[in-house]
Amino acid sequence: MSSDYKFQGWLGLDKEAVNGKMVWQEYEPKQFAETDIDIKITHCGVCGSDMHTLRSGWGATKYPVCVGHEIVGHAVRVGSQVKGIKVGDRVGVGAQSGACMNQNGDCDLCANGLEQHCQIANTNTYDGKYPNGDKSYGGYADYWRGPSTHVIPIPDALPSDVAAPMLCGGITAYSPLKQHNAGPDKTVGVIGVGGLGHFGIMGAAALGCKKVVAISRTSAKKADAMKMGATDFIATDEDAKWNSKHRNSLDIIVCTVSSPKMPIQKYLSLLRFNGVFVQVGAPEDVIPGFNVFALIGKRVKVTGSAIGSPQEIKDMLQFFADKGVRTWNNNRPMKEANQVCIDFEAGKPRYRYVLVNEKHANEAAKL
Ligand code: NAP
Ligand code: ZN
């Protein structure tokens, strides 16, 4: 069986793409394997990583690139060796689209459900390479093709536009909360009330944490953060004494800040004994240094976290579905993707833009 559709999407051809210069073009997807799935895309969330990649902020992007890694749609072609997903199923894919899956028995990470850290054959959903050398292309597009190992069924309780941003933004903020045992005995801070940050606040609240502190630059997002479940709010640019007022109060901090201009020493002062600072935001430049006594005095740990494994994503979707956690999504037509990138860069999302492939979404609505 072959496909009767073309792969077309918004391609970035050079660094200018981020400034509203993506072009709608056809491209050659990976060669279809019997373990692959094609998705007819209805929705794709817009993540900060899309902007870093479009402008080669993390190093040279391999243009042409089609970004977008919060993809939801319907399976339209399913390889003969795929298990558990059939044509017509509503499915999604996040920021990782392939790993070695311990096929040769030599990957402890894939063997232990840590596929997102696979060091043998890790493929990003866009600007990546599959083991056969084919390029990976993301979701600002009509169709997506990739390995079924990273295609996630979407629970019925979650509409597609709500589910899409959870596949990267949601899991990236939620996974470190789980890793560090966020729960009723823990106080949590989330820095940056953006796409990732709003999931961090809602996730910590849903896990029943006794205190959830939203940490933002200004108070503009305070009312929203409290609706998401924050119990406290800090506006770092508006209160010179914010860190002394709140020092020694948090067990876990999840920092989603995407800029290197962050007051890390002051952030660390918020932690209690044995507290952990988890950086998930991925700035394009080095972050400021800090005095080691910030670590020594309270045995503070500084670490990072990357997205989540396919199983973690499935578990999170079910947890969010059950607990009523819903994305604050702003839907925009996919044809406006260039303007959406400009608006994202201006800090306008409240709190996640979702590109809607209107033709496919309308067809899906009639199913
Ligand atoms: P976003 O919606 O723009 O949110 C980032 C937030 O950071 C902003 O809302 C803002 O919060 C804060 N911020 C922005 N500029 C800042 C500055 N100059 N100084 C201080 N704070 C600033 O972006 P996102 O989609 O959530 O992505 C955030 C970062 O996470 C990006 O770097 C992205 O690449 C990265 N990421 C990492 C992973 C991973 O696996 N680790 C996965 C996905 C994304 P306030 O307005 O509240 O201050
Ligand atoms: Zn992302």
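This short talk covers the surroundings of ligand 1 and then a group of aromatic rings, both taken from a predicted model.

Let me begin with the ligand. Ligand 1 is surrounded by 28 residues, and the closest of these are His52, Ser216, Arg217, Lys221 and Arg352. Both domain 1, which spans 8-168 + 308-365, and domain 2, which spans 169-304, give residues to this shell, so ligand 1 lies between them. Looking at the helices, α1 (48-54) and α5 (195-206) each supply at least two residues of the shell, and α1 gives the most, with three residues. By residue class, the shell divides into 11 nonpolar, 13 polar and four charged residues.

As for polar contacts, a polar side-chain atom of Arg217 lies 2.8 Å from an oxygen atom of ligand 1, while for Ser49 a polar side-chain atom lies 2.9 Å from an oxygen atom of the ligand. With Val280 the backbone takes part, since one of its polar backbone atoms is 2.9 Å from a nitrogen atom of ligand 1. Of the 920 Å² of accessible area that ligand 1 has on its own, the protein covers 86%.

Let me turn to the rings. The structure holds 13 aromatic pairs. In one of them, the rings of Tyr5 and Tyr143 have their centres 4.1 Å apart and their planes at 10°, so the pair is stacked. Tyr5 sits in the segment before β1 (8-11) and Tyr143 in strand β8, 138 residues apart, and both residues are buried. Phe7 and Tyr143 have ring centres 6.0 Å apart and planes at 55°, so that pair is tilted. Ring pairs link Tyr5, Phe7, Tyr27, Tyr137 and Tyr143 into a cluster.

Methods. Residues are numbered from 1 along each chain as its sequence is written. Chains are lettered from A and ligands numbered from 1 in the order in which they are written. This is a predicted model: local features need pLDDT of at least 70, side-chain atom pairs count only at pLDDT 80 or more; totals for chains, interfaces and linings use all residues. Side-chain values use heavy atoms; hydrogens and water are left out. A residue is near a molecule or strand if one of its heavy atoms lies within 4 Å of it. A polar contact is a pair of N or O atoms within 3.5 Å; within protein, one must be able to donate a hydrogen and the other to accept it, and residues adjacent in sequence count only if both atoms are side-chain atoms. Accessible areas come from the Shrake-Rupley method with a 1.4 Å probe; for residues, only the protein chains shown count as cover. Helices (H or I, at least four residues) and strands (E, at least two) are DSSP runs, numbered from the N terminus. Ala, Val, Leu, Ile, Met, Phe, Trp, Tyr, Cys and Pro count as nonpolar, Asp, Glu, Lys and Arg as charged, and the others, Gly among them, as polar. Domain bounds come from an automatic or database domain assignment. Rings of Phe, Tyr and Trp (its six-membered ring) pair if their centres lie within 6.5 Å; planes under 30 degrees apart count as stacked, over 60 as edge-to-face and the rest as tilted. Buried means under 20% relative accessible area, exposed over 50%, partly exposed in between (1.4 Å probe, protein chains only).
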